[in-house]
Amino acid sequence: MAATTAGNEVVLKDGRGRFLRLSLRELLFSDRAVVIPDQPGPSADDNHDLAVVILDQLEEDERRRVRERAEHVREVLTGFRSGSPELAREGEPRPDFAPGGPVEPKYAAKARELGVHVRTVKEWVAEFRRHGEAGLAAKRKAVRGAAANGDERWVETALEVMVEHTGESKPSRRLLIERTRARVVARYGTGVVRQPSTATAYRILADLERRHPLFRLSTKRNRDIAGRPEGPYGKLRPTRPGEYVLMDTTRLDVFACDPLTLRWVQAELTVAMDWYTRCITGIRVTPVSTKAVDVSAVLFQCFRPRPAGRDWPRGAVWPEHGIPRTVLVDIKGAVGPGLASPPLVPETLVVDHGKVYVSEHLTSVCRRMGISIQPARLRTGRDKGPVERFFRTLREGLLEALPGYKGPDLHSRGECPEGDAFFFLDELEAVIREWTAVVYHCRPHAGLVDPGLPGLRMSPGAMFEHGLARAGYIEVPRDPNLAFEFLPTKWRTVQHYGVEIDRRRYCGPGLPDPGIRSSFGGPVRGAWPFQVDPDDVTRIYFRNPDTRVWHTLVWEHAPTARMPLSEDALAFARKLAAAKYRFPDDRLAIADLLERWNLGLGTTLAERRMALRMSRDQAAAIPLPLTEDPAAAERLPSVRRALGHDARGPAPEVAAAAAASGDDEPSAMTTSTPTPWTTRERPAVAGGGDVVPQGGLQGVRGRSTPASAGPAHARPAGRAQYAGTGGVRPRPARMARQSGAAPHPAADLPARGPVGHRRQQPAGRRQGQRRRGR
């Protein structure tokens, strides 16, 4: 070895007598030279385990004996128990173990001292030299269970029978042993396989329980374990916001209140979560069940988040799209309520195999928006683990503190949680949305970690800002008519009277002439695409392919409904009218349905579900923008007064619809039946009757009877006793959704308080339910 300017170098000579000059670094780490050891060292194929593995299996007393035995061996070899003269103890080295000299007298002296044979001391020394202190530990036999001691054929047959019972009800161990014995005899013959005793068979099943659980856990958990993949687990790893969006629906563990009958009702929650940030980008609470249009409404919230609450803290409000949160702006110049969640553009949608998630409607929406759909594995909830964990966090952090909480399962249910149902559906959704924005988005999440700062725990809001800084600005579509893309599409031809969809005729400006051939190659030849909202069939939407302008087409019987009417409600009304009238039409069907619900007779499950979907105080599932309407200015009250028309008179579109229907009796088109929900504002129509304003009902004054209804609408003679109320039985105010207005004089309930404050209800909903029961 020589020291040079380039570093330490070594001159080597190989077996052929040639000299080679290498640097010391190359000699140690290069493949050109290999160090030849004088004895074999440890290798991976040794029969011995690592020293740490052997010593960790020992108890404390066994470790103490191994350490003492190692001190005796070191004293025999070196004369010092520590093995080094620098760490010599008092009186060391002793005369019998002085360094140097023959070793046989030392073996004999140590054997006499410890009371063992000389051969034992020699074995200790040999094991110590080969394996160190680990070689002095007592040899342990391999732990073998009862399954390893039994006949392999019997054990494999028992495991086969256990696997067959995975999808069945849990059997007893005795039944499984009997079936295993019978199958072994049928397969191998009598006396070929040795049958274990009953006690041994029980121990074999206990060992096999670790490989395939069957008796210890619940059957649902056993099926989940049996469905695990055999290979290593894979995991999707999002790298930016919007790359993966998880969507799922769950039954809420709290009862909601039915505004129609003031009874409890089940509610379902559908959410959309960004996997990278854990931000909740869409929320919708639906009664009883969820439809495909509800899922598309949640997906629409990713592009167009709902406005934030007025009283939300500033840290929970997201800026409008296009305004970064970190930019410095004038506070007085910043107007608008802000957003309840961050806007996002999903790239891949991770959903399960529910009917609403594999529907044609959601698939077409995703295809139109360029979103990929990645279905999760069947009955594998961990594929959507973050959103499943959010449901648990929501239950433990919010729902269990609300009235009407029923618990996650039957064993956790209270005595009567249905009687505590307090919040209406829209109130319950508002509470969940506010808790998500104020608490969940601002609380640190254990799963949100930056690899560069593993000790930093970030909240979903902070992780969203981290994702923007990492991946860049998120460009959300700015089309004001984007909401129409999320509605179901119906293909229909244009006739001289307009468009007919499910026996409903629509007409309005913007329709192509009947003779014009459609340029679309849809499923129906010569048909045009129309967007239909299943929750409001009183109008449909059509986009002119030449001008690309959206137009609204109104149903000919829309003035009769005077409120949003769903497809299910119309179908049910037609069914009732067909059973009641000889020649029914849609006007009679709608009038009867509204009167039935107004009197509290709509108590069937189907009616309650339809009424619940229509009774929500909040906006529509997908807020639809206003389309181009040349007559919009004529309906303004100031313009109508300037033109000499009554500001409260019929609007032009209502008069046009009345003329199109061919009915010259205004009262036949009108039903002033009050409804127990807040409706969209509809213009008044000729023929009298109360108009339901947008803020809710102001009171019940009277109900006009359709003239064309005939004797079927006549009330019995007993209605004369309500002459003080115009011959109509007054409806209690508990059937109406009050919105800051004074209740009806006959009402016996207090007005609804603000959301989140519990109202006094000892004589309210409970008494109303008892009166209705009588």
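**Entry 1: salt bridges**

I started with Glu-429, which forms a salt bridge with Arg-433, and I noted 2.8 Å between the closest N and O atoms. This is a predicted model, so I am reading computed values throughout. I looked up where the two sit: both belong to helix H14 (residues 425-438), and they are four residues apart, about one turn of the helix. I then asked myself whether Glu-429 and Arg-433 are buried or exposed. Glu-429 is buried, and Arg-433 is buried too.

I went on to Asp-224, which forms a salt bridge with Arg-221; here the closest N and O atoms are 3.1 Å apart. Both are in helix H10 (residues 219-226), and because they are three residues apart, about one helical turn separates them. I checked the exposure of each partner. Asp-224 counts as partly exposed because its relative accessibility is 23%. Arg-221 is also partly exposed, with a relative accessible area of 37%.

My third bridge was Arg-478 with Glu-475, whose closest N and O atoms are 3.2 Å apart. Arg-478 has 51% relative accessibility, so I file it as exposed, the cut-off being over 50%. Glu-475 is at 48% relative accessibility and therefore counts as partly exposed. I also found a network: salt bridges with shared partners join Glu-71, Glu-75, Arg-81, Arg-89, Arg-94, Lys-110 and Glu-113.

How many salt bridges does a search of the whole structure find? I got 35.

**Entry 2: nonpolar cores**

I moved on to the nonpolar cores. The largest one has 35 residues, and I wrote down Met-247, Leu-299, Phe-303, Leu-349 and Phe-486 as those with the most contacts inside it. Which elements each supply at least two residues of this core? My list reads strand E4 (244-251), helix H11 (292-303), strand E9 (348-351) and helix H12 (360-369). H11 gives the most, with seven residues.

I picked Leu-349 for a closer look. Leaving out residues up to four places away in sequence, I find Leu-349 touching Val-245, Met-247, Leu-299, Cys-366, Ile-371, Ser-372, Ile-373 and Gln-374. Another core lies apart from the one that holds Leu-349; this other core has 31 residues, including Leu-252, Phe-390, Phe-422 and Ile-432.

**Entry 3: aromatic pairs**

I counted ring pairs next, and the total is 15 aromatic pairs. I opened the pair of Trp-491 and Phe-520: the centres are 6.0 Å apart, the planes are at 70°, and the pair is edge-to-face. Trp-491 is in strand E13 (residues 489-492), while Phe-520 is in the loop between strand E15 (504-507) and strand E16 (528-533), so the pair ties together parts that are 29 residues apart in sequence. I looked up how covered the two rings' residues are. Trp-491 is partly exposed at 22% relative accessibility, and Phe-520 is partly exposed at 28%.

Then I took Phe-530 and Phe-542. Their ring centres are 5.1 Å apart with the planes at 35°, so I call the pair tilted. The pair links distant parts of the chain, with Phe-530 in strand E16 and Phe-542 in strand E17 (residues 536-543), twelve residues apart. Are Phe-530 and Phe-542 buried or exposed? Phe-530 counts as buried at 0% relative accessibility, and Phe-542 is buried with a relative accessible area of 1%.

The residues of both pairs turned up again together: Trp-491, Phe-520, Trp-528, Phe-530 and Phe-542 form one aromatic cluster.

**Entry 4: charges over rings**

I looked for charged side chains over ring faces and kept two. Lys-406 lies over the face of Phe-255, 4.9 Å from the ring centre. Arg-153 lies over the face of Tyr-188, at 5.5 Å from the ring centre.

**Entry 5: whole chain**

I left the overall numbers for the end. The chain has 774 residues, and buried residues make up 42% of them. I count 23 helices and 18 strands. The chain exposes about 42,600 Å², and carbon and sulfur atoms supply 53% of that. I also checked the contacts between residues at least 6 apart in sequence: 64% of them join residues at least 24 apart.

Terms used. Residues numbered from 1 in each chain as written. Predicted model: local features only at pLDDT ≥ 70, side-chain atom pairs only at ≥ 80, totals over all residues. Heavy atoms only, no water. Core = buried A, V, L, I, M, F, W, Y, C linked by side-chain atoms within 4.5 Å. Buried < 20%, exposed > 50% of the residue type's maximum accessible area, 1.4 Å probe, protein only. Contact = heavy atoms within 4.5 Å. Phe/Tyr/Trp six-rings, centres within 6.5 Å; stacked < 30°, edge-to-face > 60°. Lys NZ or Arg CZ within 6 Å of the ring centre and 35° of its normal. Areas by Shrake-Rupley, 256 points an atom, 1.4 Å probe, with all protein chains shown as cover. Salt bridge = Lys/Arg side-chain N within 4 Å of Asp/Glu carboxyl O.
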